[in-house]
Amino acid sequence: MLQTVDVGELSISAYRTVVPDQIMEPLAEVTNRLRGARVLHLSATPYGGGVSELLRSTVPLYNDLGIDATWKIISGRPPFFTVTKKLHNALQGAADEPITEADRALYEQTAADNAAELAADPQFPGYDFVFVHDPQPSAVLSFVDHGSAKWIWRCHIDTSAPDPAAWSYLRPFLTPYDATVFTMAQFAPPDLDRTGVNIIPPAIDPLSPKNMSLDDRTTRAVLNWIGIEPDRPLVTQVSRFDPWKDPLGVIAAFRTVRRTVPDVQLALVGSMALDDPEAWAVYRAITAESEGDPDIHVFTNLTGVGNIEVNAFQRMSTVMVQKSIREGFGLVVSEALWKGTPIVAGAAGGIPLQVADDSGGILVDSVTECADALSALLTDPARTAALGAAGHERVRKHFLLPRLLLDELTLMDEVAA
Ligand code: UDP
């Protein structure tokens with residue numbers, strides 16, 4: 001069953017205090033032209049990972065702006081999500097698991113089933129815009145009447161060097177879209193027709209439970225309660241348990257850092273998303289590697305580490321780490337910087353958009369560089385504070401949610417013209 005996700009209520013006016021006028025004013029103008037429009041967002045999971053994080057805040061804000069937005073999750077059996085994870089990995093360049101005939105049949109059958117459900121929905125003919133997020137639901141359009149709606153494929157991953165077989169399989173499903181959106185220009189596959197390609201980086205919601213301000217006492221109490229010692233230096237990585245996020249590389253770097261900063265603690269905070277069957281294998285590899293090491297803490301959403309806890313980790317860590325090898329945007333980077341915490345991060349995907357040299361943190365390309373950067377920041381509180389403050393300001397200007405809304409509404413306005 002296609003599932004409609006319930007979201008809360010948000011008010012755009014609350015963002016005026018944090019977001020620059022240069023964003024709020026044009027947002028009000030473009031909203032005037034789109035008021036009353038009906039928008040559907042289609043994605044693969046209601047929680048876990050960046051896409052759900054974004055939609056949970058943008059959908060209620062669309063509604064507050066007078067644009068009628070609905071968010072639906074496609075349905076699929078677990079083997080479908082095994083296929084889409086393979087496709088996701090192959091589109092990010094992995095070539096070790098080819099997409100088989102049986103995989104294609106399952107992918108297309110699931111798309112057709114979801115398309116049939118969508119077509120049966122009485123609301124369906126009324127949508128003016130349909131945003132389809134990532135590869136999992138992208139074939140739905142090939143099995144449903146395009147109608148008068150504008151269909152936009154919103155790709156959140158790095159497809160700059162896809163496995164050729166996977167890309168040539170997916171490409172025909174994208175042809176009927178009116179526009180595509182990538183996080184960075186270089187993410188669009190080289191042979192994709194550039195007309196209709198748009199570039200929109202994601203953004204974070206500064207007022208969500210994950211990013212809202214928390215006082216120091218609450219932050220310490222939250223982390224103390226789950227076993228972190230608030231007075232010891234802390235390094236944390238928050239990310240889905242995914243090989244591209246290199247959690248084992250983080251553990252290796254941490255063990256080097258501990259030689260110079262003996263009282264440092266490491267937290268690996270990860271979530272198990274519905275559409276991510278690989279997560280358990282990565283989780284088992286992490287727990288095996290950290291077994292018996294009292295300074296390495298592994299937490300998941302299944303053991304109660306939710307938004308407030310992630311907020312507390314990002315706020316109280318001395319330094320955050322995001323050692324990604326491949327990355328879409330990496331929302332966790334802006335989340336950390338917004339809290340004034342600097343980050344040591346892999347120079348992958350959208351991370352260099354968020355972390356410039358000496359603004360926000362240090363970019364790294366290996367375990368050794370990661371360990372060196374962490375040691376440097378853990379032993380230099382003045383530099384750590386300056387990087388965090390510069391990072392916060394960078395996020396305020398470029399990566400808060402109203403800027404994303406402005407870009408999406410501007411695109412809708414252009415596509416509709
Ligand atoms: N996240 C979370 N709990 C976790 C791990 C991740 O809430 O245990 C959130 C994280 O705060 C961020 C999102 O999931 O908002 C991950 O987005 P990102 O763009 O960094 O990576 P993606 O998962 O989309 O590859």
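**Figure 1. Lysine 85 and glutamate 278 in a salt bridge across the chain.** At 23% relative accessibility, glutamate 278 counts as partly exposed, because the buried class is reserved for values under 20% and the exposed class for values over 50%. Its partner in this predicted model is lysine 85, and the closest N and O atoms of the salt bridge are 2.7 Å apart. The pair links distant parts of the chain, since lysine 85 belongs to helix H3 (residues 78–91) while glutamate 278 sits in the loop between E9 and helix H8 (279–290), 193 residues away. Lysine 85, with a relative accessibility of 7%, counts as buried.

**Figure 2. Lysine 245 and glutamate 327, a salt bridge between two loops.** The closest N and O atoms of lysine 245 and glutamate 327 are 3.0 Å apart in this salt bridge. Lysine 245 is placed in the loop between E8 and H7, and glutamate 327 in the loop between strand E11 (319–322) and H10, so the contact ties together parts of the chain that are 82 residues apart in sequence. Lysine 245 counts as buried at 10% relative accessibility, and glutamate 327 is likewise buried, with a relative accessible area of 6%. Lysine 245 is also named, together with Lys210, Arg240, Leu331 and Glu335, among the residues that come nearest to the ligand.

**Figure 3. The salt-bridge network that includes aspartate 295 and arginine 258.** The side chains of aspartate 295 and arginine 258 meet in a salt bridge, with an N to O distance of 3.2 Å. Aspartate 295 lies in the loop between H8 and strand E10 (296–300), whereas arginine 258 is part of helix H7, so the pair ties together parts that are 37 residues apart in sequence. Aspartate 295 counts as buried, at 15% relative accessibility. Through shared partners, salt bridges join Glu229, Arg232, Arg255, Arg258, Glu289, Asp293 and Asp295 into one network. The count of salt bridges in the model comes to 20.

**Figure 4. The ligand and the residues of its shell.** There are 17 residues around the ligand, of which Lys210, Arg240, Lys245, Leu331 and Glu335 come nearest. The shell divides into five nonpolar, six polar and six charged residues. Backbone atoms also approach ligand oxygen atoms: a backbone N or O atom of glycine 50 lies 2.9 Å from one, a polar backbone atom of glycine 270 is 3.2 Å from one, and for a backbone N or O atom of serine 271 the distance is 3.2 Å. Taken alone, the ligand exposes 540 Å², and the protein buries 89% of that area. The elements that contribute two or more residues to the shell are helix H2 (50–64), strand E9 (265–270) and helix H10 (331–338), with H10 giving the largest share, three residues.

**Figure 5. Two loop aspartates with positive phi.** Aspartate 134, a residue other than glycine, has a positive phi near 70 degrees, and it is found in the loop between strand E4 (129–133) and strand E5 (150–154). With 8% relative accessibility, aspartate 134 counts as buried. Aspartate 246 has a positive phi near 50 degrees and lies in the loop between strand E8 (234–238) and helix H7 (247–260). At 14% relative accessibility, aspartate 246 counts as buried.

**Figure 6. Confidence of the predicted model****.** The chain has a mean pLDDT of 95, and 100% of its residues reach 70 or more. The model as a whole scores ipTM 0.99 and pTM 0.93.

Methods. Residues numbered from 1 in each chain as written. Predicted model: local features only at pLDDT ≥ 70, side-chain atom pairs only at ≥ 80, totals over all residues. Heavy atoms only, no water. Near = heavy atom within 4 Å. Polar contact = N/O pair within 3.5 Å; in protein donor to acceptor, adjacent residues only side chain to side chain. Areas by Shrake-Rupley, 256 points an atom, 1.4 Å probe, with all protein chains shown as cover. Helix = DSSP H or I, 4+ residues; strand = E, 2+ residues; numbered from the N terminus. Nonpolar A, V, L, I, M, F, W, Y, C, P; charged D, E, K, R; others polar. Buried < 20%, exposed > 50% of the residue type's maximum accessible area, 1.4 Å probe, protein only. pLDDT = per-residue confidence, 0-100. Salt bridge = Lys/Arg side-chain N within 4 Å of Asp/Glu carboxyl O.
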